[in-house]
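Let's take a guided walk through a protein model together. Keep the picture at hand and follow along as we go from one part to the next.

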Amino acid sequence: MFSAKVINIFSITLVFLATLFFIAGCAGNENQDGNGVPWIISDKNSVLAYFGLSDVYIDTNGGNVRINYDSNCSADWCHDCDEQGQATLAMMIFATVATIASLIMMLLPFITNRASGLELAVVVCNIIAAITSLIAILVFMGGCKNEIEDSDNSGAFDLEWGAGSVLTLIGMVFMWFIVIFQLTGMCGSRRVAVIAH
């Protein structure tokens, strides 16, 4: 079987990767010149559309335009995407802060001997990160994306998940895996302790 040190390094690696993916999800807030990290993309009839959390960047053969959901957007879905984009960004910030806190607490035992008893705090941070990233995905992809599809009577968009939503989804899966892994480890170690007494 694997040693505790190997399991801890594996866990730290997954939390570190989830942190990077969540930061990328937060970067989906700005979508300047299509170089951001869009949460939703569309490529139909030579029209590229990159939907971020606060704006959409549309690139056509005739030029390009960046439209903020809250100011110069007149489509039916603009208001919903603006509100859901703000809520998603807030959830992604919570998830990112929770993974950073978890990562720091997971690294402390490697740095100092005084950092014992942080298992429960790490699990709580990881649960917060997993839940808030799940909420972020559900809010934006279940709300804004569906609203755009429902309002697109002309068939102008062929919506797909963009890099921001896919990276957030991968980070969320990592966090749920780590939560299950940690809870299983904690319950297993307590069961052994009870049997020993």
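Let's begin in the sheet: strand 1 and strand 5 run antiparallel and are joined by 3 bridges. One pair to look for here is Ile40, whose bridge partner in strand 5 is Trp161. Please keep in mind that this is a predicted model.

## The whole protein

Now step back for a moment. The protein has 4 helices and 5 strands. Reading from the N terminus, the elements follow the order α-β-β-β-β-α-α-β-α. Of its 197 residues, 41% count as buried. Among the contacts with a separation of 6 or more, 69% come from residues that are 24 or more positions apart.

## The sheet, strand by strand

How are the 5 strands ordered in the sheet? They form an open sheet with the order 4-3-2-1-5, and the pairing is antiparallel. Strand 4 and strand 5 (159-161) are the edge strands, as each pairs on one side only. On average, neighbouring strands of this sheet are turned by 20 degrees against each other, with direction ignored.

It helps to know what holds such an arrangement together. In general, strands of a sheet pair through backbone hydrogen bonds, either parallel or antiparallel.

Here are the bridge counts for the pairs of strands, so you can tick them off on the structure:

| Strand pair | Sense | Bridges |
|---|---|---|
| Strand 1 and strand 2 | antiparallel | 5 bridges |
| Strand 2 and strand 3 | antiparallel | 4 bridges |
| Strand 3 and strand 4 | antiparallel | 6 bridges |
| Strand 1 and strand 5 | antiparallel | 3 bridges |

Let's look at some of these pairs in detail. Between strand 1 and strand 2, Lys44 stands opposite Val47 in strand 2. The hairpin of these strands has 2 residues between them, and Asn45 takes a positive phi near 50 degrees there.

Next, find strand 2 (residues 47-51) and strand 3 (residues 55-60). A hairpin through 3 residues joins strand 2 to strand 3. Across this pair, Leu48 stands opposite Asp59 in strand 3.

Asp59 also has a partner in strand 4, where it stands opposite Asn64. Another pair to find is Val56 and its bridge partner in strand 4, Ile67. The hairpin from strand 3 to strand 4 passes through 2 residues.

## Helices side by side

How do helix 2 and helix 3 meet? The axes of helix 2 (residues 78-111) and helix 3 (residues 119-151) come within 8 Å and cross at roughly 160 degrees. An angle over 145 degrees counts as roughly antiparallel, and helix 2 and helix 3 are therefore roughly antiparallel to each other. Helix 2 passes helix 3 in a left-handed crossing. Sorted by class, their contact has 21 nonpolar, 9 polar and 2 charged residues.

Helix 3 also links this part of the tour to the sheet. It lies across strand 1 (40-44), strand 2 and strand 5, and runs at about 170 degrees to strand 5.

## Two residues to zoom in on

Is Phe22 buried or exposed? Its relative accessibility is 0%, so Phe22 counts as buried. You will find Phe22 in helix 1 (residues 4-27). Leaving aside neighbours within four places in sequence, Phe22 is in contact with Met92, Ala95, Thr96, Thr99, Ala129, Ser133, Thr168, Gly171, Met172 and Met175. For a link between distant parts of the chain, compare Phe22 with Gly164: they are 142 residues apart along the chain, and their C-alpha atoms are separated by 8.4 Å.

Our second stop is Gly28, in the loop between helix 1 and strand 1. With a relative accessible area of 0%, Gly28 is buried. Which residues does Gly28 touch, not counting those up to four places away in sequence? They are Val37, Trp39, Gly52 and Leu53. Gly28 and Ser165 are 137 residues apart along the chain, and the separation of their C-alpha atoms is 8.5 Å.

## Looking back

To finish, turn the model once more and trace the sheet in its order 4-3-2-1-5. Then find helix 3, which lies across strand 1, strand 2 and strand 5, and see how helix 2 runs roughly antiparallel to helix 3.

Notes. Residues numbered from 1 in each chain as written. Predicted model: local features only at pLDDT ≥ 70, side-chain atom pairs only at ≥ 80, totals over all residues. Heavy atoms only, no water. Axes fitted to C-alpha atoms, helices over the stretch in contact; angles between N-to-C directions. Parallel < 35°, antiparallel > 145°, perpendicular 65-115°, else oblique. Left-handed = near helix turned anticlockwise from the far one by under 90°. Nonpolar A, V, L, I, M, F, W, Y, C, P; charged D, E, K, R; others polar. Pairing = 2+ DSSP bridges. Buried < 20%, exposed > 50% of the residue type's maximum accessible area, 1.4 Å probe, protein only. Contact = heavy atoms within 4.5 Å.
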